[in-house]
Amino acid sequence: SSGINAEWPLRPGVILQTKAKTFIQKLLKMQAVTEDEDLAYQDVDFSEETSRRRSVIGGDARPQWMKSLSQSVAKWLEIVPKKPLEQLKRTVENIKDPLYRFFERECTIGRKLLKTVLTDLNDVALVCDLKKKKVPTATLR
């Protein structure tokens, strides 16, 4: 019975250690530079020599998720129109028409939304290409 009591305090520590190791493996996978490096993080070794070997010198130092995001952003930038919607012509008669006012409002909102989308996509592209490091607002995060 004394052997069981002696081991009991160690079990929560082992569980926490396992959870921490799993968390670190997931974190390292998220930051992996290439998909091939995922296997390298199965046995986590925190020595300085190991971390020096893992560092990327002269290569593309972007994580894999950033590379795929960059490709997606490039595809979206090809699809999204660059030219804003033309403004509807206002006349005294048109302003009296509720349907015209509705469409004018919708076109104005569409122009603003398109401008925001293009700005954000271009900002994300710059961040993914490591040309823009600091984001002034938290909107891109």
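Good morning. I begin with the surface: the protein chain exposes about 11,800 Å², and carbon and sulfur atoms supply 60% of that area. I should state at once that this is a predicted model.

Turning to the interior, the protein chain has 141 residues, of which 20% are buried. As for its secondary structure, the protein chain comes to 6 helices and 0 strands; read from the N terminus, the order is α-α-α-α-α-α. Among the contacts in the protein chain with a separation of 6 or more, 54% are between residues 24 or more positions apart.

I shall now concentrate on one element, helix α4, which covers residues 64-79. Does its length agree or disagree with what should be expected at 1.5 Å a residue? Its 16 residues should span 22 Å, and the end C-alpha atoms lie 23 Å apart, so the two values agree.

Which residues of α4 are buried? They are Met66, Lys67, Ser70, Val73 and Leu77. These residues cover an arc of only 120° around the axis, and therefore they sit on the same side of α4. The general background is that an α-helix has 3.6 residues a turn, so residues three or four places apart point the same way.

What do the buried residues of α4 pack against? Their partner is α6, residues 98-128. On the other side of α4, the exposed residues are Gln71, Lys75, Trp76, Glu78 and Ile79.

To summarise α4: Met66, Lys67, Ser70, Val73 and Leu77 are buried, and the buried residues pack against α6, whereas Trp76 is one of the exposed residues on the other side. Thank you.

Conventions. Residues numbered from 1 in each chain as written. Predicted model: local features only at pLDDT ≥ 70, side-chain atom pairs only at ≥ 80, totals over all residues. Heavy atoms only, no water. Helix = DSSP H or I, 4+ residues; strand = E, 2+ residues; numbered from the N terminus. Buried < 20%, exposed > 50% of the residue type's maximum accessible area, 1.4 Å probe, protein only. Contact = heavy atoms within 4.5 Å. Areas by Shrake-Rupley, 256 points an atom, 1.4 Å probe, with all protein chains shown as cover. Expected span 1.5 Å × (residues − 1). Arc of directions from axis to C-beta.
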